[in-house]
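Here is a short report on a structure, written for a computational chemist. It covers the sheet, the core and the side-chain contacts.

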Amino acid sequence: ADGPCASLGTLAYISCGFPALVRDADALLASGWRVRRQRAEAHVLFLGANHLETLCVFEREAPVGPDGAKQDAQEPPRSSANSERGQRARRARDPATSPRARRLAAARAAGRRRRPSG
């Protein structure tokens, strides 16, 4: 493989429906790419569309450097599941502790304080 993309080691691919994923993944796999961690994610990017977009991250077995020599593919460091960023993301997804839930709870509490008892 030569050209401006020869040194790429990682490719994030978003398909435009399943037929496109099958067609393009076959070509990528045949040319030396592999699916990272053997997984893909389906997403609805366009509401009302009759298909899903699929995200796959492909890696080359051994990317080619600018000098033409093969380089070792390096995997980016994984973030710790217990990192502060990971904990914030989990709290934001939790319906009971999401920012919206906290705002609604605060509004309810403020409403209770304002109402006259009686």
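In what order do the strands form the open sheet, and is the pairing parallel or antiparallel? The order is β1-β3-β2, with 3 strands and antiparallel pairing. This is a predicted model, in which local features need pLDDT of at least 70, side-chain atom pairs count only at pLDDT 80 or more, and totals for chains, interfaces and linings use all residues. Residues are numbered from 1 along each chain as its sequence is written, and side-chain values use heavy atoms, with hydrogens and water left out.

**Sheet and helix**

Helices (H or I, at least four residues) and strands (E, at least two) are DSSP runs, numbered from the N terminus. Two strands pair if DSSP finds at least two bridges between them. β1 (10–14) and β2 stand at the edges of the sheet. Each has a single partner strand, so one side of each is left without a neighbour in the sheet. Neighbouring strands are turned by 15° against each other on average, direction ignored. Axes here are lines fitted to C-alpha atoms, for helices over the stretch in contact, and angles run from 0 to 180 degrees between N-to-C directions.

β2 and β3 pair in the antiparallel sense over 7 bridges. One bridge joins His 43 to Glu 53 in β3. Helix α1 lies across β1, β2 and β3. Its direction is at about 0° to β3. Contact means heavy atoms within 4.5 Å.

**Nonpolar core**

A nonpolar core is a set of buried Ala, Val, Leu, Ile, Met, Phe, Trp, Tyr and Cys residues joined through side-chain atoms within 4.5 Å. Buried means under 20% relative accessible area, exposed over 50%, and partly exposed in between (1.4 Å probe, protein chains only). The largest core has 9 residues: Tyr 13, Ala 20, Leu 21, Ala 25, Leu 28, Trp 33, Val 35, Cys 56 and Phe 58. The elements giving two or more residues are α1 (18–30), β2 (33–43) and β3 (53–60). α1 gives the most, with 4 residues.

Two core members also form an aromatic pair. Rings of Phe, Tyr and Trp (its six-membered ring) pair if their centres lie within 6.5 Å; planes under 30 degrees apart count as stacked, over 60 as edge-to-face and the rest as tilted. The whole structure holds 1 such pair. Tyr 13 and Phe 58 meet edge-to-face, at 6.3 Å centre to centre and 80° between the planes. Tyr 13 lies in β1 and Phe 58 in β3, so the pair ties together parts 45 residues apart in sequence. Both are buried: Tyr 13 has a relative accessible area of 13%, and Phe 58 has 0%.

**Salt bridges**

A salt bridge is a side-chain nitrogen of Lys or Arg within 4 Å of a carboxyl oxygen of Asp or Glu. The count comes to 4. Among them are these:

| Pair | N to O distance |
|---|---|
| Arg 34 and Glu 59 | 2.9 Å |
| Arg 36 and Glu 59 | 2.8 Å |
| Arg 39 and Glu 41 | 2.5 Å |

Arg 34, Arg 36 and Glu 59 are linked in a network of salt bridges. Which of its residues are buried, and which partly exposed? Glu 59 is buried at 3% relative accessibility. Arg 36 is buried at 12%. Arg 34 is partly exposed at 32%. Outside this network, Arg 39 is partly exposed at 46%, and Glu 41 is partly exposed at 30%.
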